[in-house]
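Hi everyone, thanks for coming. Today I'd like to walk you through one structure, stop by stop, so please have it open in front of you.

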Amino acid sequence: MHGLMMDTPLLITDLIRFADRNHGDTEIVSKTAEGSIHRYTYRDAHARARRLAKALQALGVKASERVGTLAWNGYRHYELYYAISGIGAVINTINPRLFPDQITYISNHAENTALFFDLTFVPLVEKLAPQLKSVKHFVLMTDRAHMPARTAIPGLLCYEELMQKQDDRFEWPAFDERTAAALCYTSGTTGNPKGVLYGHRSTVLHAYGAALPDALDLSARDAVLPVVPMFHANAWSLPYACTMVGAKMVFPGPHLDGKSVYELIEQEKVTLSAGVPTVWLMLLQHLAAQKVKFSTLKRTVIGGSACPPAMIRAFQEEYGVTVFHAWGMTEMSPLGTVGSLKARQAALSKEEQRAVQAKQGRGIFGVDMKIVDEEGKELPWDGKRFGNLLVRGPWIASGYMKGEGGDVLKDGWFPTGDVATIDPDGYMQITDRSKDVIKSGGEWISSIDLENIAVAHPAIQEAAVIGIRHPKWDERPIVVAVKKAGQELTREELLKFYEGKIAKWWMPDDVVFVPELPHTATGKLSKLTLREKFKDYRLPG
Ligand code: ADP
């Protein structure tokens, strides 16, 4: 209709252009793979991203071509995020913790024509280079001084040299907002990894959603440290959403141990951080051992796997840091729900509040949710009935790259593979991944609930609950747990700890203590590996 609002496309480069104009002096600080601290501003980052765009074009990178990265969170990776998408090409962030065969598979499947990587990954790329069939340019993300004297990588290029050859006189091209911008592969716990393609429009809308007060609550007053890697589902949008609001960004590089993360938080006056529970476990251990506290950190986003209530309590009560429990998937850009409290919940006791926060959170506008039973019939939001969780919205995948996996949608909804309840306030709680639920006597037992109880025991460091075949009940739960260093605990003591906290038939049949638990490339408990290990395990009695 005449006089309707303008129809300007939502493009990723508008974010960095905006940050340059409105927050030009705000800092981006990086701990680098070279071991130094690098600082510059959004204005500098924008200028360098434009230089890089010219460098990419000089290498011959064309619109819609894919360019791979094997890199930590740092300023050069940030520049690649904007420059690659900004010229209409697609950045394929590869998780370097995957098996080498999977990395090769992903790079070949994506048909990456160039690969940018950090110093840490030189040995890995030397090994893989002969198999990376589509890659024409290997670029090491460093300066001349750090280039290896000798290398098996064919025609190895230096990032800073490519940059030096260019200037920053460059206008970002305008194109359709439905153009692909980024590509991330799911970990593929079964079968080959599958590619999820993010568009410019979906990425910008997702950043708006992420920045909302009841989502990640980002503003120009924040200093944000994404511990969650930029190769793991867009670092939960932080490189985009922080740019959108002009928050200071602090990148940890490869330094993710408790001590390094703590020191960086203190030095750079970080107010918000985000990552998976495993990383926070290391940080909390460091804090406890060194008897130190945070002076600026106010909020932390914990997601990717269930955040145990014990962790929420430790952060909030011992360190004064509010926890936002978040849930999402690579296929959802990734944010789906975030667990902030509503006004009336302020009157609840701390324990009741924690119970709400232990849920995976409320929906963000842009993500529609429903739960259905085995027949696909929608279930009520009563906080009790659980079913398969489906989602839809403008930043949720409609399928996988190259049509892999076929038509995945069910009547326009994306099946998450998670099993959940939703309560009348809209808080969603994951009881399990559908492949992890324990089926006992025709009923479901939530492995996450049982794990949360185990890790609330003061002597337990980490715990996983898996189902073991049972002749009568089909499956029964066992706890596989790691004790905290120097702590004593028996099987009987841990089982006793469960009494009164769960229905009798949920009581684990056994406890097995192990020195460590297996994790996936994204730092989650690998139940698949664990089930494999315990496949011949015999239940007592
Ligand atoms: P993958 O682990 O397969 O690589 P993702 O990182 O996309 O892929 O993981 C998505 C899955 O992680 C979700 O479907 C869900 O099972 C799990 N997950 C994510 N966040 C949470 C959370 N806060 N609590 C429980 N499970 C979670």
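Let's begin at the ligand. One of its nitrogen atoms sits 3.1 Å from a polar backbone atom of G304. Please keep in mind as we go that this is a predicted model. Now look at A306, where a polar backbone atom is 3.2 Å from a nitrogen atom of the ligand. With R433 it is the side chain that takes part: an N or O atom there lies 2.8 Å from an oxygen atom of the ligand. How much of the ligand's accessible area does the protein cover? The answer is 93% of the 560 Å² that the ligand has on its own.

Who else is around the ligand? There are 15 residues around it, and the ones that come nearest are S187, T330, D418, R433 and K524. So we meet R433 again here. If you sort that shell by class, you get 4 nonpolar, 8 polar and 3 charged residues. Which strand gives the most to this shell? That is β14, residues 322-328, with 4 residues.

While we are in that part of the chain, let me show you a peptide bond. Between S333 and P334 the bond is cis, with omega at about 10°. You will find P334 in the loop between β14 and β15, the latter being residues 335-338. There is another backbone detail at S64, which has a positive phi, near 70°, although this residue is not a glycine. To locate S64, go to the loop between α2 (42-59) and β3 (66-70).

Next, the empty spaces. How many cavities of 30 Å³ or more does the structure hold? It holds 4. The largest cavity contains about 110 Å³ of space. Its lining is made of 15 residues, and T32, A33, G74, Y75 and D118 lie nearest the centre. Helix α3, residues 75-86, contributes the largest share of that lining, with 3 residues. By class, the lining of the largest cavity has 6 nonpolar, 5 polar and 4 charged residues.

Now to a pocket. The second largest pocket has about 590 Å³ of space. It is lined by 19 residues, and P309, A355, A358, N452 and I453 are the closest to its centre. Three elements, α11 (309-319), α12 (350-358) and α13 (447-456), each give two or more residues to this lining. Which of them gives the largest share? That would be α12, with 5 residues. Sorted by class, the lining of the second largest pocket divides into 11 nonpolar, 2 polar and 6 charged residues.

My last stop is the salt bridges. The count for this structure comes to 35. Let me pick out one of them, where the side chains of K402 and E111 meet, at 2.8 Å from N to O. Where in the chain do these two partners sit? K402 is in the loop between β18 (387-392) and β19 (414-422), and E111 is in the loop between α4 (100-110) and β5 (114-117). They are 291 residues apart, and the pair links distant parts of the chain.

If you take one picture home, let it be the ligand, with the protein covering 93% of its accessible area and the R433 side chain 2.8 Å from one of its oxygen atoms. Thanks for listening!

Conventions. Residues numbered from 1 in each chain as written. Predicted model: local features only at pLDDT ≥ 70, side-chain atom pairs only at ≥ 80, totals over all residues. Heavy atoms only, no water. Near = heavy atom within 4 Å. Polar contact = N/O pair within 3.5 Å; in protein donor to acceptor, adjacent residues only side chain to side chain. Areas by Shrake-Rupley, 256 points an atom, 1.4 Å probe, with all protein chains shown as cover. Nonpolar A, V, L, I, M, F, W, Y, C, P; charged D, E, K, R; others polar. 1 Å grid on protein atoms, 1.4 Å probe; cavity = no way out; pocket = protein on both sides within 12 Å on 5 of 7 lines; lining within 4 Å. Points joined across faces, edges and corners; volume = space filled by probe spheres on them. Salt bridge = Lys/Arg side-chain N within 4 Å of Asp/Glu carboxyl O.
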